[in-house]
Amino acid sequence: MTADEATGGLAAPDSGFAGADDDTAEPLLQVRDLCIAYRSGAHRSTPVVRNVDLDVYPNESVALVGESGCGKTTLALAMVRLLPKLGMITGGSLRYRDRDGSVSDLLSFGEETLRQFRWTEVAVVFQGAQNSLNPLSRIRTQFIETARAHSRRMSIREIEDRAVQLLELVRLEPARVLPAYPHELSGGMRQRVLIALGLLLDPRLVILDEPTTALDILTQRAVVEVLRDLQRELQFSMVFVTHDLALAAELADRVATMYGGRIVELAGVREAFYEPRHPYTVGLIRAVVPLSGGMPDVVSIPGTPPSFRALPNGCSFHPRCPYAQDVCAAEEPPLIEVGPDHAAACFFADRVSKDKAVSREDA
Ligand code: SF4
């Protein structure tokens, strides 16, 4: 199966992300050795994100991919200090480059600083547009209240003008959408309203959690096109969480594959799909049903993702991995460079081939 087939026939764009093209580019967000745990009792906690390093450059788009429960949403929310109550950052650092070039330690921000930071610097578009909009407020009111809650600088007129501009950019009719209640809009329209709302205060980093989940295939396509056009027009960075490899191929400059709370592969989108070097990334690609017909080469990854409460020793993928050797159960492989702008956490990355199915029987 080709990578195009693996991604449902959607072409992976050239790799080479905005930051990588410019040697002088500094990361907008720098994540170092980040560890996150969830409290699971009075004195107990369960690690769910482990020692993650990731840079997000200006105007680039990074996809966090992996099966449910691999830690990708938790990582994305932690990047903007939006972890749920039971979540806690237990180690590492988050550094954000301000508009004036100075670098802030996000972990030192108090509640008021965070309130300003969210929406004006970063925005989050959650999955499930129905639940993220206030069902009792018209869309116009939601734009005004959002702007007023996070910035006093804009007049009502300015907010409305900006809302009209953004709704047009997401290909909605402002005259129809602004006076409407959320339930009067389709799921795809609500999702685009949420994206427009997220961009209201001109954030530099937008986090999207499964932005096309629960949308039909045509609406997914429209949302992807809208996001790509918006990023080109408004120049922001995106980190999006998805289990949809077609979306990653279409929208990402770089792809970070997560497994067991770690990034196990980080590569430009072309390398991720054409030259994957981690068996788990290969497994994800080979498990996709192509849109372009047939499923003879579709191979699911055997077994199930591990529980964070009982992560396998060594490489946490080893019980499912066709390349596993004794060392894999004894030691955890570090994430190391395997090519230009390409890193993988696998002792046998040089043997990995995208054409080999991830099946113990095939090993
Ligand atoms: Fe498979 Fe071993 Fe590589 Fe882990 S380190 S992915 S178990 S070959």
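## A walk through the fold

Let's start in the middle. The largest nonpolar core has 100 residues, and the members that touch the most others are Ala63, Leu64, Met79, Val193, Ala248 and Val255. Keep in mind as you look around that this is a predicted model. Ala248 is a handy place to stand: setting aside neighbours within four places in sequence, Ala248 contacts Ala63, Val65, Thr242, Val255 and Val269. Ala63 and Val255 turn up in that contact list, and both are also among the best-connected core members.

Now zoom out. The protein has 14 helices and 12 strands, and 44% of its 363 residues count as buried. Take the contacts between residues at least 6 apart in sequence: 68% of them join residues at least 24 apart.

On to the sheets. Eight strands make an open sheet with mixed pairing, and reading across, the order is S6-S7-S8-S3-S9-S10-S12-S11. The edges are S6 (122–125) and S11 (336–339), each of which pairs on one side only. From one strand to the next, the twist averages 25°. As a reminder, strands of a sheet pair through backbone hydrogen bonds, either parallel or antiparallel.

Both edges of this sheet are worth a visit. At one, S6 runs parallel to S7 (residues 205–209), with four bridges joining the two; Val122 sits opposite Leu205 there. Helix H9 (residues 187–198) lies across S6 and S7, and runs at about 170° to S6. At the other edge, S11 pairs with S12 (residues 342–344) in the antiparallel sense, over three bridges, and Ile336 is placed opposite Ala344. S11 and S12 form a hairpin with two residues between them, and in the turn Asp341 has a positive phi of about 50°. Most residues other than glycine have a negative phi, so that turn is worth a look.

Asp341 has company in this respect. Asp202 is a residue other than glycine with a positive phi, near 60°, and it lies in the loop between H9 and S7. Is Asp202 buried or exposed? Neither label quite fits: Asp202 counts as partly exposed because 14 C-beta neighbours lie inside 10 Å. Gln235 also has a positive phi near 60°, this time in the loop between H10 and S8. Gln235 is exposed, because 12 other C-beta atoms lie within 10 Å.

Right beside Gln235 in that loop between helix H10 (217–234) and strand S8 (237–242) is Phe236. Here the picture changes: Phe236 counts as buried because it has 21 C-beta neighbours inside 10 Å, and the threshold for buried is 20 or more. Who does Phe236 touch? Beyond its neighbours within four places in sequence, Phe236 contacts Pro203, Arg204, Leu205, Val206 and Gln231. Leu205 in that list is the residue that stands opposite Val122, so to speak a link back to the S6 edge. Phe236 is also 9.4 Å from Leu199, C-alpha to C-alpha, with their positions 37 residues apart in sequence.

There is another open sheet to see, made of four strands in the order S2-S1-S4-S5 with antiparallel pairing. S2 (45–56) and S5 (103–105) are its edge strands, each paired on one side only, and the twist averages 15° from one strand to the next. At the S5 edge, three bridges join S5 to the antiparallel S4 (residues 87–97), and Tyr96 has Ser104 as its bridge partner in S5.

Helix H3 (residues 72–79) is mostly covered, with six of its eight residues buried. Those six are Lys72, Thr73, Thr74, Leu75, Ala78 and Met79. Met79 brings us back to the core, as one of the members with the most contacts to others there. Just after H3 comes Arg81, with a positive phi of about 55°.

Finally, the ligand. Which of the 13 residues around the ligand come nearest? They are Cys315, Cys321, Tyr323, Cys328 and Cys346. By class, the shell has 11 nonpolar residues, two polar ones and no charged ones.

Terms used: Residues are numbered from 1 along each chain as its sequence is written. This is a predicted model: local features need pLDDT of at least 70, side-chain atom pairs count only at pLDDT 80 or more; totals for chains, interfaces and linings use all residues. A nonpolar core is a set of buried Ala, Val, Leu, Ile, Met, Phe, Trp, Tyr and Cys residues joined through C-beta atoms within 7 Å. Two residues are in contact if their C-beta atoms, placed from the backbone, lie within 7 Å. Two strands pair if DSSP finds at least two bridges between them. Axes are lines fitted to C-alpha atoms, for helices over the stretch in contact, and angles run from 0 to 180 degrees between N-to-C directions. A residue is near a molecule or strand if its C-beta atom, placed from the backbone, lies within 6 Å of it. Ala, Val, Leu, Ile, Met, Phe, Trp, Tyr, Cys and Pro count as nonpolar, Asp, Glu, Lys and Arg as charged, and the others, Gly among them, as polar.
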